[in-house]
Amino acid sequence: MSQAVADRAESAVAYLKDKVEGIPTAAVVLGSGVSVLEGLVDSESFPFLDVFGISPSVHGHSGNVTVGRLSDAADAPLVAVFRGRFHLYEGHDWSVVTLAARVVALWGVKKLLLTNAAGGLNKDYHVGDLMVLTGYRDHLSPELAQTGLLAAIAKPTTKCSNALSEELLKVGEQLAKEDKEFRPLRQGTYCALGGPNYETMAEIEMLRRLKGDAVGMSTVPEMLAVEGTGTMAAAVSVITNVWRDDEPMGGHEEVLEASKMASKRLDQLFRKVLVSD
Ligand code: HPA
(Lines give C-alpha, C1' and ligand atoms only; values in the text may rest on other atoms or scores of the structure.)
Protein backbone atom coordinates (compact mmCIF):
# COMPACT_ATOMS: atom_id res chain seq x y z
CA MET A 1 0.00 0.00 0.00
CA SER A 2 1.36 3.41 -0.87
CA GLN A 3 2.56 5.71 1.87
CA ALA A 4 -0.04 8.35 0.98
CA VAL A 5 -2.90 5.89 1.44
CA ALA A 6 -1.58 4.52 4.75
CA ASP A 7 -1.24 8.11 5.91
CA ARG A 8 -4.84 8.85 4.93
CA ALA A 9 -6.13 6.10 7.27
CA GLU A 10 -3.72 7.15 9.97
CA SER A 11 -4.61 10.83 9.70
CA ALA A 12 -8.33 9.96 9.80
CA VAL A 13 -7.78 8.00 13.03
CA ALA A 14 -5.70 10.85 14.47
CA TYR A 15 -8.53 13.27 13.59
CA LEU A 16 -11.19 11.08 15.24
CA LYS A 17 -9.08 10.41 18.34
CA ASP A 18 -8.56 14.13 18.73
CA LYS A 19 -12.31 14.86 18.45
CA VAL A 20 -13.78 11.86 20.27
CA GLU A 21 -13.20 10.85 23.87
CA GLY A 22 -12.94 7.07 24.16
CA ILE A 23 -13.06 4.38 21.51
CA PRO A 24 -16.49 3.34 20.22
CA THR A 25 -17.66 -0.20 21.04
CA ALA A 26 -18.98 -0.61 17.53
CA ALA A 27 -19.04 1.08 14.16
CA VAL A 28 -21.87 0.87 11.64
CA VAL A 29 -21.60 1.59 7.91
CA LEU A 30 -24.87 2.60 6.24
CA GLY A 31 -25.63 1.65 2.64
CA SER A 32 -27.87 3.40 0.09
CA GLY A 33 -30.91 4.85 1.85
CA VAL A 34 -30.38 2.77 5.01
CA SER A 35 -31.14 4.89 8.03
CA VAL A 36 -30.58 3.50 11.53
CA LEU A 37 -29.29 4.69 14.91
CA GLU A 38 -30.68 8.19 14.52
CA GLY A 39 -30.68 10.40 17.61
CA LEU A 40 -27.52 9.18 19.31
CA VAL A 41 -27.01 10.89 22.66
CA ASP A 42 -24.28 13.55 23.11
CA SER A 43 -23.42 12.99 19.48
CA GLU A 44 -21.13 14.86 17.18
CA SER A 45 -20.94 14.56 13.39
CA PHE A 46 -17.90 14.94 11.22
CA PRO A 47 -18.11 15.31 7.41
CA PHE A 48 -16.20 12.67 5.41
CA LEU A 49 -14.33 15.53 3.78
CA ASP A 50 -12.83 16.52 7.15
CA VAL A 51 -12.18 12.93 8.30
CA PHE A 52 -10.94 11.33 5.08
CA GLY A 53 -10.14 14.34 2.87
CA ILE A 54 -12.69 13.10 0.27
CA SER A 55 -16.48 12.79 -0.14
CA PRO A 56 -18.61 10.14 -1.84
CA SER A 57 -20.77 11.28 -4.74
CA VAL A 58 -23.79 8.93 -4.81
CA HIS A 59 -27.31 10.29 -4.28
CA GLY A 60 -28.59 9.15 -0.89
CA HIS A 61 -25.20 9.19 0.81
CA SER A 62 -24.56 12.29 2.86
CA GLY A 63 -21.06 11.30 3.87
CA ASN A 64 -20.41 11.87 7.53
CA VAL A 65 -19.44 10.05 10.71
CA THR A 66 -21.63 10.50 13.78
CA VAL A 67 -20.29 9.38 17.13
CA GLY A 68 -22.50 9.21 20.20
CA ARG A 69 -24.02 7.03 22.89
CA LEU A 70 -26.76 4.58 21.97
CA SER A 71 -29.11 5.93 24.67
CA ASP A 72 -29.01 8.04 27.81
CA ALA A 73 -28.49 4.96 30.03
CA ALA A 74 -25.32 5.34 32.10
CA ASP A 75 -23.74 2.24 30.53
CA ALA A 76 -24.91 2.90 26.96
CA PRO A 77 -22.18 2.01 24.46
CA LEU A 78 -20.43 4.62 22.33
CA VAL A 79 -21.03 3.94 18.62
CA ALA A 80 -19.76 5.46 15.38
CA VAL A 81 -22.12 5.58 12.40
CA PHE A 82 -20.57 6.07 8.97
CA ARG A 83 -23.28 7.47 6.68
CA GLY A 84 -22.31 6.78 3.10
CA ARG A 85 -19.43 4.91 1.54
CA PHE A 86 -17.00 5.01 -1.36
CA HIS A 87 -17.58 2.66 -4.31
CA LEU A 88 -15.31 1.38 -7.06
CA TYR A 89 -17.87 2.52 -9.66
CA GLU A 90 -17.41 6.12 -8.53
CA GLY A 91 -13.83 5.80 -9.74
CA HIS A 92 -12.30 5.33 -6.29
CA ASP A 93 -9.54 2.76 -5.97
CA TRP A 94 -9.55 -0.18 -3.56
CA SER A 95 -7.64 1.70 -0.87
CA VAL A 96 -10.36 4.38 -0.77
CA VAL A 97 -13.22 1.85 -0.88
CA THR A 98 -11.75 0.11 2.18
CA LEU A 99 -10.75 3.33 3.96
CA ALA A 100 -13.61 3.51 6.51
CA ALA A 101 -13.18 -0.16 7.48
CA ARG A 102 -9.41 0.26 7.89
CA VAL A 103 -9.96 3.36 9.99
CA VAL A 104 -12.41 1.44 12.21
CA ALA A 105 -9.83 -1.33 12.74
CA LEU A 106 -6.96 1.09 13.32
CA TRP A 107 -9.05 3.13 15.77
CA GLY A 108 -9.44 -0.07 17.83
CA VAL A 109 -13.21 -0.54 17.35
CA LYS A 110 -13.95 -4.23 17.92
CA LYS A 111 -17.26 -4.63 16.08
CA LEU A 112 -18.17 -3.48 12.60
CA LEU A 113 -21.75 -3.77 11.36
CA LEU A 114 -21.95 -3.27 7.60
CA THR A 115 -25.21 -2.62 5.76
CA ASN A 116 -26.05 -2.44 2.08
CA ALA A 117 -28.94 -2.22 -0.34
CA ALA A 118 -29.07 -5.38 -2.42
CA GLY A 119 -31.12 -7.11 -5.08
CA GLY A 120 -32.74 -10.41 -4.10
CA LEU A 121 -31.63 -13.41 -6.19
CA ASN A 122 -33.29 -15.98 -3.95
CA LYS A 123 -36.81 -16.47 -5.29
CA ASP A 124 -38.28 -16.67 -1.77
CA TYR A 125 -37.12 -13.14 -0.92
CA HIS A 126 -39.34 -10.06 -0.86
CA VAL A 127 -38.63 -6.35 -1.09
CA GLY A 128 -37.85 -5.07 2.40
CA ASP A 129 -36.38 -8.35 3.72
CA LEU A 130 -33.20 -8.20 5.81
CA MET A 131 -30.51 -10.79 5.08
CA VAL A 132 -27.62 -11.51 7.43
CA LEU A 133 -24.55 -12.49 5.39
CA THR A 134 -23.34 -16.01 6.13
CA GLY A 135 -21.29 -16.11 2.93
CA TYR A 136 -20.08 -13.85 0.17
CA ARG A 137 -18.73 -13.99 -3.36
CA ASP A 138 -16.16 -11.50 -4.60
CA HIS A 139 -16.78 -10.60 -8.25
CA LEU A 140 -15.41 -7.07 -7.96
CA SER A 141 -11.96 -6.89 -6.43
CA PRO A 142 -9.06 -5.59 -8.57
CA GLU A 143 -7.33 -8.95 -8.11
CA LEU A 144 -9.80 -10.25 -10.75
CA ALA A 145 -7.96 -8.19 -13.36
CA GLN A 146 -5.11 -10.68 -12.92
CA THR A 147 -6.97 -13.91 -12.24
CA GLY A 148 -9.87 -13.30 -14.62
CA LEU A 149 -13.61 -13.50 -14.26
CA LEU A 150 -13.70 -17.27 -14.79
CA ALA A 151 -11.46 -17.74 -11.76
CA ALA A 152 -13.92 -15.70 -9.68
CA ILE A 153 -16.80 -17.85 -10.87
CA ALA A 154 -14.85 -21.03 -10.11
CA LYS A 155 -13.92 -19.88 -6.60
CA PRO A 156 -16.01 -21.34 -3.76
CA THR A 157 -18.21 -19.02 -1.71
CA THR A 158 -16.40 -17.53 1.30
CA LYS A 159 -18.16 -18.36 4.55
CA CYS A 160 -18.40 -15.39 6.89
CA SER A 161 -20.35 -16.54 9.96
CA ASN A 162 -18.86 -15.41 13.26
CA ALA A 163 -19.99 -14.55 16.79
CA LEU A 164 -21.38 -11.20 15.63
CA SER A 165 -23.44 -12.55 12.72
CA GLU A 166 -24.73 -15.32 14.98
CA GLU A 167 -25.75 -12.72 17.55
CA LEU A 168 -27.66 -10.82 14.84
CA LEU A 169 -29.52 -14.00 13.89
CA LYS A 170 -30.26 -14.90 17.50
CA VAL A 171 -31.59 -11.45 18.38
CA GLY A 172 -33.53 -11.38 15.10
CA GLU A 173 -35.22 -14.63 16.07
CA GLN A 174 -36.20 -13.19 19.48
CA LEU A 175 -37.58 -10.01 17.87
CA ALA A 176 -39.61 -12.01 15.35
CA LYS A 177 -41.16 -13.97 18.24
CA GLU A 178 -41.97 -10.86 20.30
CA ASP A 179 -43.13 -8.55 17.51
CA LYS A 180 -45.44 -9.51 14.64
CA GLU A 181 -44.18 -6.56 12.60
CA PHE A 182 -40.63 -7.90 12.72
CA ARG A 183 -40.18 -10.12 9.65
CA PRO A 184 -37.90 -13.10 10.32
CA LEU A 185 -34.34 -12.43 9.14
CA ARG A 186 -32.97 -14.18 6.07
CA GLN A 187 -29.45 -15.56 5.99
CA GLY A 188 -27.53 -16.10 2.81
CA THR A 189 -24.74 -15.41 0.36
CA TYR A 190 -24.07 -11.90 -0.93
CA CYS A 191 -22.48 -11.49 -4.35
CA ALA A 192 -20.47 -8.30 -4.85
CA LEU A 193 -20.29 -7.03 -8.43
CA GLY A 194 -18.62 -3.87 -9.69
CA GLY A 195 -21.69 -2.00 -11.02
CA PRO A 196 -22.69 0.74 -11.51
CA ASN A 197 -25.39 -0.84 -13.68
CA TYR A 198 -27.70 -3.44 -12.25
CA GLU A 199 -27.09 -6.94 -13.59
CA THR A 200 -28.26 -8.38 -16.89
CA MET A 201 -30.63 -11.37 -16.69
CA ALA A 202 -27.74 -13.60 -17.83
CA GLU A 203 -25.64 -12.39 -14.88
CA ILE A 204 -28.57 -12.95 -12.50
CA GLU A 205 -28.94 -16.49 -13.84
CA MET A 206 -25.21 -17.14 -13.34
CA LEU A 207 -25.27 -15.80 -9.76
CA ARG A 208 -28.28 -18.00 -8.97
CA ARG A 209 -26.40 -21.05 -10.24
CA LEU A 210 -23.54 -20.05 -7.92
CA LYS A 211 -26.09 -20.16 -5.07
CA GLY A 212 -26.05 -16.42 -4.47
CA ASP A 213 -29.01 -15.06 -2.48
CA ALA A 214 -28.44 -11.33 -2.93
CA VAL A 215 -26.41 -9.05 -5.19
CA GLY A 216 -24.87 -5.63 -4.56
CA MET A 217 -21.82 -3.48 -5.17
CA SER A 218 -20.16 -3.06 -1.79
CA THR A 219 -19.42 -4.65 1.62
CA VAL A 220 -17.02 -7.38 0.47
CA PRO A 221 -14.04 -4.96 0.31
CA GLU A 222 -14.76 -3.88 3.89
CA MET A 223 -15.09 -7.50 5.10
CA LEU A 224 -11.74 -8.29 3.46
CA ALA A 225 -10.11 -5.15 4.88
CA VAL A 226 -10.73 -6.05 8.52
CA GLU A 227 -9.79 -9.71 8.14
CA GLY A 228 -6.91 -10.53 10.48
CA THR A 229 -7.34 -7.31 12.50
CA GLY A 230 -8.92 -7.18 15.96
CA THR A 231 -12.20 -6.02 14.40
CA MET A 232 -15.03 -8.49 13.80
CA ALA A 233 -17.36 -7.63 10.92
CA ALA A 234 -20.90 -8.79 10.19
CA ALA A 235 -23.18 -7.53 7.45
CA VAL A 236 -26.88 -7.16 6.70
CA SER A 237 -28.40 -6.63 3.25
CA VAL A 238 -31.61 -4.70 2.83
CA ILE A 239 -33.38 -6.33 -0.12
CA THR A 240 -34.60 -3.36 -2.15
CA ASN A 241 -35.69 -5.24 -5.28
CA VAL A 242 -36.17 -8.85 -6.28
CA TRP A 243 -35.11 -10.34 -9.58
CA ARG A 244 -38.42 -11.94 -10.53
CA ASP A 245 -40.89 -11.47 -13.36
CA ASP A 246 -43.82 -11.06 -10.94
CA GLU A 247 -42.29 -8.08 -9.10
CA PRO A 248 -41.28 -5.23 -11.42
CA MET A 249 -37.97 -3.44 -10.86
CA GLY A 250 -38.08 0.06 -9.40
CA GLY A 251 -35.62 2.90 -9.91
CA HIS A 252 -33.36 4.59 -7.39
CA GLU A 253 -36.30 6.28 -5.63
CA GLU A 254 -37.96 2.90 -5.00
CA VAL A 255 -34.66 1.56 -3.70
CA LEU A 256 -34.55 4.41 -1.19
CA GLU A 257 -38.20 3.85 -0.17
CA ALA A 258 -37.74 0.10 0.42
CA SER A 259 -34.62 0.79 2.48
CA LYS A 260 -36.56 3.22 4.64
CA MET A 261 -39.23 0.62 5.53
CA ALA A 262 -36.68 -2.03 6.40
CA SER A 263 -34.54 0.47 8.31
CA LYS A 264 -37.02 0.51 11.19
CA ARG A 265 -36.54 -3.24 11.76
CA LEU A 266 -32.79 -2.95 11.25
CA ASP A 267 -32.69 -0.19 13.87
CA GLN A 268 -34.48 -2.43 16.41
CA LEU A 269 -32.06 -5.26 15.61
CA PHE A 270 -28.88 -3.20 15.88
CA ARG A 271 -29.92 -1.44 19.10
CA LYS A 272 -30.64 -4.78 20.76
CA VAL A 273 -27.40 -6.39 19.53
CA LEU A 274 -25.30 -3.42 20.62
CA VAL A 275 -26.52 -3.47 24.21
CA SER A 276 -26.45 -7.25 24.56
CA ASP A 277 -22.97 -7.51 26.02
N1 HPA B 1 -28.04 -5.17 -7.98
C2 HPA B 1 -26.95 -4.52 -7.53
N3 HPA B 1 -26.98 -3.63 -6.56
C4 HPA B 1 -28.17 -3.37 -5.98
C5 HPA B 1 -29.34 -4.01 -6.39
C6 HPA B 1 -29.27 -4.96 -7.46
O7 HPA B 1 -30.28 -5.55 -7.89
N8 HPA B 1 -30.35 -3.52 -5.61
C9 HPA B 1 -29.80 -2.61 -4.77
N10 HPA B 1 -28.47 -2.51 -4.97
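Of the 277 residues of the protein chain, 44% count as buried. The model is a predicted one. Its chain holds ten helices and ten strands. The radius of gyration is 18 Å, close to the 19 Å that the globule rule gives for 277 residues, so the chain is as compact as a globular protein of that length. Along its principal axes, the C-alpha trace spans about 50 × 50 × 35 Å. Among contacts between residues at least 6 apart in sequence, 79% join residues at least 24 apart.

The interior comes next. The largest nonpolar core has 77 residues, and those that touch the most other members are Ala 27, Val 28, Val 79, Phe 82, Leu 112 and Leu 266. Strand 10, residues 232-242, contributes the largest share of this core, with seven residues. Phe 82 can serve as an example of the packing: leaving aside residues up to four places away in sequence, Phe 82 touches Ala 27, Val 28, Val 29, Leu 30, Val 65 and Ala 100.

Ala 100 leads on to helix 4, as it is one of the buried residues of that helix. Helix 4 covers residues 99-107, and seven of its nine residues are buried, so the helix is largely enclosed by the rest of the structure. Besides Ala 100, the buried residues of helix 4 include Leu 99, Arg 102 and Val 104. After helix 4 comes Gly 108, which has a positive phi, near 95°.

Strand 10 is mostly covered, with ten of its eleven residues buried. What are its pairings? Strand 10 pairs with strand 5 in the parallel sense over ten bridges, and with strand 6 in the antiparallel sense over three bridges. In the pairing with strand 5, Ala 117 has Val 238 of strand 10 as its bridge partner. Val 132 stands opposite Val 236 in strand 10.

The loop between strand 5 and strand 6 (130-139) contains Val 127. Is Val 127 buried or exposed? Val 127 has 20 C-beta neighbours inside 10 Å, so it counts as buried. Its C-alpha atom is separated by 5.1 Å from that of Thr 240, although the two residues are 113 residues apart along the chain.

The ligand is surrounded by eleven residues, of which the closest are Ala 117, Gly 119, Tyr 198, Val 215 and Gly 216. Which strand gives the most to this shell? Strand 5 does, with three residues. Strand 5 (111-120), strand 9 (214-216) and strand 10 each supply at least two residues of the shell. By character, the shell around the ligand divides into six nonpolar residues, four polar and one charged.

A few points of backbone geometry remain. The loop between strand 8 (186-193) and helix 8 (201-209) contains Pro 196, which is joined to Gly 195 by a cis peptide bond with omega of about 0°. Lys 211 lies in the loop between helix 8 and strand 9. Lys 211 has a positive phi of about 70° although it is not a glycine, and it is partly exposed, with 14 other C-beta atoms within 10 Å. Thr 219, in the loop between strand 9 and helix 9 (220-226), is another residue other than glycine with a positive phi, near 70°. Thr 219 has 25 C-beta neighbours inside 10 Å and therefore counts as buried.

How values were computed. Residues numbered from 1 in each chain as written. Predicted model: local features only at pLDDT ≥ 70, side-chain atom pairs only at ≥ 80, totals over all residues. Core = buried A, V, L, I, M, F, W, Y, C linked by C-beta atoms within 7 Å. Buried ≥ 20, exposed ≤ 12 C-beta atoms within 10 Å, placed from the backbone. Helix = DSSP H or I, 4+ residues; strand = E, 2+ residues; numbered from the N terminus. Contact = placed C-beta atoms within 7 Å. Near = placed C-beta within 6 Å. Nonpolar A, V, L, I, M, F, W, Y, C, P; charged D, E, K, R; others polar. Rg over C-alpha atoms; globule rule 2.2 N^0.38 Å. Pairing = 2+ DSSP bridges.
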